[in-house]
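Take a moment to look over the model shown here. Then follow the text from one helix to a few loops.

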Amino acid sequence: MERTGGGVENSGADSSLGVWSLLTFCLLSGPATGDQHAHCSEFLFLSPPSLLVRLLSFSSEQGPCGYPLDLPPSDLPSGQGLPPLPPGFPGLAPGPVAWSPLSPTVVIVPGRRPARLQPSWARVMAGELLEAGLVNVLVADWLLPPEQEITEGARQVGERLAQTIKTLLEDQGSSPELFHLVGFGVGAHVAGVTGACLEGTIGRITGLDPFSPVFSEADSSLSLDHTDAQYVDVIHTNFNPNEPVAPLGVPRPLGHVDFYIGRGYQLPGCPQALMKREQYLLCSHQRAYRLFTSSIRSYCPLIAFPCQGVEDFQRALCTHCHHPGLNICPQLGYDISWLPPDRPITFQPLTAVLDITATDPFCVTPFLLEVHLEGNTSLEAQLFIQLKGDVRKTPVMLVSGPSLMQFESHQIHQFLVSVRHTIQEFRTIVLHFYSQRLLYLAWRKRRIHISHLVLTQLPRHQGLVSYRTRSVTAVENHRVDVYLQKEE
């Protein structure tokens with residue numbers, strides 16, 4: 001992707017943004033535990049003098065709280081194993097937690113956090129996995145000393161997690177292909193180190209907006225890449241800066257499939273200005289784990305299109321699903337039924353782009369809008385549209401981009417239109433060519449002649465559904481309603 005990353009540890013673009021750096025450090029793990037989980041206290045909560053790592057098990061019988069998984073003693077040096085629990089530690093199981101070695105296992109790996117903040121999003125994700133029927137759901141709980149360098153800490157945590165999984169494999173008779181690591185932020189790189197220590201035998205690693213500051217300039221062995229598991233998928237949600245702060249997520253491709261969401265900053269539903277400072281900084285980054293969690297039991301797919309860059313996607317240059325070795329559009333999220341079963345992966349690593357809505361389940365239905373112009377008039381303008389059905393209608397959408405574009409006669413102009421998936425039938429399209437010219441006399445306003453207009457649902461392989469309209473004339477800075485005729 002043609003993006004630039006960078007920054008310093010945990011948020012700011014340079015040392016002058018120390019306040020932002022501190023804020024990001026405190027909140028990168030996600031929001032603190034909500035009221036529904038106020039009674040849960042299974043995550044480590046004491047600032048450790050040395051690295052602490054342990055596995056928490058979640059099950060439908062235990063409720064929303066996790067419980068430490070009882071494992072044989074580790075042969076790692078003191079301070080790197082599973083820590084003893086403080087006397088009277090609340091919310092813990094009285095004995096070992098059941099674990100099925102022959103069933104698939106998802107291990108959720110949060111990012112770095114201060115001890116006082118618990119990653120409640122991990123509990124929510126674990127609950128969704130259990131509701132979906134998964135038996136083994138684990139969370140790799142870890143804490144570093146405050147002064148611990150983050151890249152070295154991630155390496156140590158990854159190595160410790162690899163040793164723990166190796167213990168499960170050897171003593172419990174499980175298989176590495178059954179393991180799926182899901183890491184957020186720094187946790188994505190921890191998962192990568194774990195997979196590398198296990199020589200890429202892990203079945204799947206999902207990187208949720210892998211953390212960029214510090215890791216972008218660190219040794220490549222400390223970053224997630226496609227050799228760390230049999231299948232590595234990466235969700236990039238904050239690959240462009242939230243000015244004046246550098247992107248929190250890694251901009252470059254890392255996996256077999258890298259999903260890039262929207263513009264990579266100020267995603268739908270996120271604050272567009274600094275008035276809500278914490279959310280302005282973190283919302284797009286945290287959208288990665290929200291998207292994956294939503295996908296676990298979603299009734300609509302998050303379809304992405306193979307594409308070289310976000311700009312090409314926005315210019316409607318990526319509307320086909322074909323990629324060498326893959327004849328279907330990639331689908332973001334937990335479900336990988338679209339993926340060829342062969343391992344190693346039979347297609348070359350690819351980047352794919354998609355739009356989302358502001359709220360769960362985030363799905364959109366993409367359309368290709370083709371405007372065929374005729375006549376002798378050209379116009380420099382922005383194109384706004386609105387689609388209307390019998391009951392519902394879309395918001396007014398700017399489809400031509402933030403700058404004025406040249407609409408030339410005898411040309412076909414293409415635009416990508418993303419519609420909330422709940423709106424399925426259209427009757428009318430409203431066109432508005434906004435030229436920014438302040439004209440009060442009607443005869444001075446330019447007219448654009450459209451020979452026909454085609455709105456085609458994507459992806460095309462799912463069956464051609466399109467809407468068409470006949471010749472229409474649009475006047476600059478005026479809305480025109482155009483009737484659509486559906487064709488299947």
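**A bent helix and four unusual spots**

Helix α5 has a kink of about 55 degrees, and C283 is at its centre. Keep in mind that this model is predicted. The helix runs over residues 277–295, which makes 19 residues. At 1.5 Å a residue, α5 should span 27 Å. Its end C-alpha atoms lie 28 Å apart, so the two values agree. Where does α5 sit, out in the open or enclosed? Of its 19 residues, 15 are buried, so α5 is largely enclosed by the rest of the structure. Buried here means under 20% relative accessible area.

Now turn to the backbone in the loops. Most peptide bonds are trans, and most residues other than glycine have a negative phi. The next four spots depart from that pattern.

Two of them are cis peptide bonds. One runs from R343 to P344, with omega near 5 degrees. P344 is in the loop between β11 (331–332) and β12 (350–354). The other joins D360 and P361, with omega about 10 degrees. P361 belongs to the loop between β12 and β13 (364–374).

The remaining two concern phi. H410 is not a glycine, yet its phi is positive, about 60 degrees. Look for H410 in the loop between β16 (405–407) and β17 (412–420). Is H410 buried or exposed? Its relative accessible area is 59%, so H410 counts as exposed; the cut-off is over 50%.

N477 is not a glycine either, and has a positive phi of about 65 degrees. It lies in the loop between β21 (472–475) and β22 (479–483). With a relative accessible area of 21%, N477 is partly exposed.

Methods. Residues are numbered from 1 along each chain as its sequence is written. This is a predicted model: local features need pLDDT of at least 70, side-chain atom pairs count only at pLDDT 80 or more; totals for chains, interfaces and linings use all residues. Side-chain values use heavy atoms; hydrogens and water are left out. The expected span of a helix is 1.5 Å times one less than its number of residues. The bend at a residue is the angle between axes fitted to the seven residues ending there and the seven starting there. Buried means under 20% relative accessible area, exposed over 50%, partly exposed in between (1.4 Å probe, protein chains only).
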